[in-house]
Amino acid sequence: MDKSWMHSDRKSKAYELGVEAFLNFSVENLLTTTHIRCPCVKCVNLKVFGVGIIRDHLYFNGVDQSYKNWTFHGEPWEATTNASRNVEEDDDHSRYSFVSEEIKMDDNDFGDFGSDPYEFANVIGDGDQPLYPSCRKYTKLSALVKLYNLKAKHGMSDVCFTELLILQGDLLP
């Protein structure tokens with residue numbers, strides 16, 4: 001599917017036709033048309049809406065241009081299996097090699113979750129928890145992703161972002 005419209009001016013006919021083609025593609029390839037993830041810059045596929053609202057969001061906010069493989073909208077995931085990538089299981093980081101090559105990571109970027117096998121599961125499990133007990137709008141993971149998007153969008157330094165996270169931790173119940 002042609003995705004060149006994503007880089008077009010939002011007032012152009014190419015963008016308008018692209019939005020319609022995208023929405024038609026989503027409706028044809030998803031099981032539901034009432035709950036589709038919104039790929040606009042503000043929602044970044046974290047919120048779900050009907051087609052009409054998504055259309056408005058794409059016109060008003062623009063499309064998230066980093067969303068290149070439309071897996072949330074019915075496009076098949078590109079082959080990432082070990083067999084298709086000829087990955088050998090002997091090397092600890094070999095299963096991630098295709099990622100590190102594409103985004104220029106080195107061994108220091110992989111992080112270390114220690115020897116506890118449940119530590120990573122706990123980190124992932126926290127992503128489904130509400131941000132605070134009565135919060136219904138954000139989970140811990142969605143809030144963190146939203147904050148990271150703001151960091152990247154506005155070019156915040158790591159020091160500034162860390163201090164902001166500490167402050168927000170103190171502000172939240």
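**Exercise 1. Find out what the buried residues of helix 6 pack against, and which residues they are.**

*Solution.* The buried residues of helix 6 pack against helix 7 (158-171), where contact means heavy atoms within 4.5 Å. Helices here are DSSP runs of H or I with at least four residues, strands are E runs of at least two, and both are numbered from the N terminus. Before going on, note that this is a predicted model, in which local features need pLDDT of at least 70, side-chain atom pairs count only at pLDDT 80 or more, and totals for chains, interfaces and linings use all residues. Residues are numbered from 1 along each chain as its sequence is written, and side-chain values use heavy atoms, with hydrogens and water left out.

Next, pick out the residues: S142, A143, L147 and K151 are the buried ones of helix 6. Buried stands for under 20% relative accessible area, exposed for over 50%, and partly exposed for what lies in between (1.4 Å probe, protein chains only). It helps to recall that an α-helix has 3.6 residues a turn, so residues three or four places apart point the same way.

**Exercise 2. Check the length of helix 6 (residues 140-154), then look at what follows it.**

*Solution.* Start from the rule: the expected span is 1.5 Å times one less than the number of residues. For the 15 residues of helix 6 this gives 21 Å, and the end C-alpha atoms are 21 Å apart, so the two agree. Now step past the end of the helix: G155 follows, with a positive phi near 65 degrees.

**Exercise 3. Work through the salt bridges and say how buried or exposed their partners are.**

*Solution.* First, the rule: a salt bridge is a side-chain nitrogen of Lys or Arg within 4 Å of a carboxyl oxygen of Asp or Glu. By this rule there are four salt bridges; three of them are taken here in turn.

- E75 pairs with K3, with the closest N and O atoms 2.9 Å apart. This pair links distant parts of the chain, 72 residues apart: E75 is in the loop between helix 2 (51-60) and helix 3 (82-85), and K3 is in the segment before helix 1 (13-29). Both E75 and K3 are buried.
- R55 forms a salt bridge with E20, the closest N and O atoms being 2.7 Å apart. Here R55 of helix 2 and E20 of helix 1 are 35 residues apart, again linking distant parts of the chain. R55 is partly exposed because its relative accessible area is 25%, and E20, at 26%, is partly exposed too.
- D158 and K151 meet at 3.0 Å, N to O. D158 has 54% relative accessibility, so it counts as exposed, whereas K151, at 16%, counts as buried.

**Exercise 4. Which residues of the loop between strand 1 (36-37) and strand 2 (48-49) have a positive phi although they are not glycines?**

*Solution.* Take V44 to begin with: its phi is positive, about 40 degrees, although V44 is not a glycine. V44 sits in the loop between strand 1 and strand 2, and is buried, with a relative accessible area of 16%. N45 lies in the loop between strand 1 and strand 2 as well, with a positive phi of about 65 degrees although N45 is not a glycine. N45 is buried, at 4% relative accessible area.
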